[in-house]
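Trainee: May I ask for a close look at a single helix and the parts that surround it? I should like each term to be explained as it arises.

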Amino acid sequence: MARAYWINTFTAVHDTEKLAAYVELAGPAMLAGGGRFLARGEPAAVLEGADVPRVTVIEFPSADAAVAAYHSPAYQRALEALGDGATREIRVVNGVE
């Protein structure tokens, strides 16, 4: 089974305190779900498209594991903490073998 990658793009941050609370809870939730952080933070360069404040890439053993991590109670608590603190786009993409 191919690995999968969770790509979380923050298109806007509205409340940095809510974002900080989310980050505190989301990281452990992703690790507990089998995730491994590959990249996170401000983009080093924007070559095409709109500039965004934050991007996170997390590797999972499978797409099913990534989706399960999203729906886990621990991650749902992180989403509650974030609330309307940011606008995001999340994609899960299968890796190439």
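Mentor: Let us begin on the outer side of helix α2, where the face turned away from the buried side carries the exposed residues Asp64 and His71. A residue is called buried under 20% relative accessible area, exposed over 50% and partly exposed in between, with a 1.4 Å probe and protein chains only. Helices (H or I, at least four residues) and strands (E, at least two) are DSSP runs numbered from the N terminus. The model is predicted, so local features need pLDDT of at least 70 and side-chain atom pairs count only at pLDDT 80 or more, while totals for chains, interfaces and linings use all residues. Residues are numbered from 1 along each chain as its sequence is written, and side-chain values use heavy atoms, with hydrogens and water left out.

Helix α2 spans residues 63–71, and its buried residues are Ala65, Ala66 and Ala69. Viewed down the axis of α2, these buried residues fall within an arc of 100 degrees, so they line one face of the helix; the arc is that of the directions from the helix axis to the C-beta atoms. What covers the buried residues of α2 includes two helices, α1 (16–32) and α3 (73–82), as well as the strands β1 (4–13), β3 (54–60) and β4 (86–94).

Consider next how α2 lies against α3. Their axes come within 5 Å and cross at roughly 55 degrees, which makes α2 oblique to α3. Such axes are lines fitted to C-alpha atoms, for helices over the stretch in contact, and the angles run from 0 to 180 degrees between N-to-C directions. Angles under 35 degrees count as roughly parallel, over 145 as roughly antiparallel, 65 to 115 as roughly perpendicular, and the rest as oblique. Where the two helices meet, Ala69, Tyr70 and His71 in α2 are in contact with Pro73, Tyr75, Gln76 and Leu79 in α3; contact means heavy atoms within 4.5 Å.

Helix α3 itself has the buried residues Tyr75, Ala78, Leu79 and Leu82. Seen down the axis of α3, they too fall within an arc of 100 degrees, so they line one face of that helix. Pro73 and Glu80, on the other side of α3, are exposed. The partners against which the buried residues of α3 pack are β1, α1, α2 and β4.

One of these partners, α1, has an axis that comes within 8 Å of the axis of α3 and crosses it at roughly 170 degrees. That angle makes α1 roughly antiparallel to α3. Among the α1 residues that meet α3 are Lys18, Tyr22 and Met30, and the α3 residues involved include Tyr75, Ala81 and Leu82. Lys18 is partly exposed, with a relative accessible area of 28%. Beyond its neighbours within four places in sequence, Lys18 is in contact with Ala81, Leu82, Asp84 and Gly85. The C-alpha atoms of Lys18 and Gly85 lie 5.3 Å apart, although 67 residues separate the two in sequence.

After α3 comes Gly83, with a positive phi near 50 degrees. Gly83 belongs to the loop between α3 and β4 and is partly exposed, at a relative accessible area of 46%.

The inner sides of these helices lead us to the core. The largest nonpolar core has 17 residues, of which Trp6, Tyr22, Met30, Phe60 and Tyr75 touch the most other members. At least two residues of this core come from each of β1, α1, β3, α2 and α3, and α1 gives the most, with five. A nonpolar core is a set of buried Ala, Val, Leu, Ile, Met, Phe, Trp, Tyr and Cys residues joined through side-chain atoms within 4.5 Å. In soluble globular proteins, nonpolar side chains tend to be buried together. Met30 returns us to the starting point: leaving aside neighbours within four places in sequence, Met30 is in contact with Trp6, Gly35, Phe37, Ile58, Phe60, Ala69 and Tyr75. Ala69 is one of the buried residues of α2.
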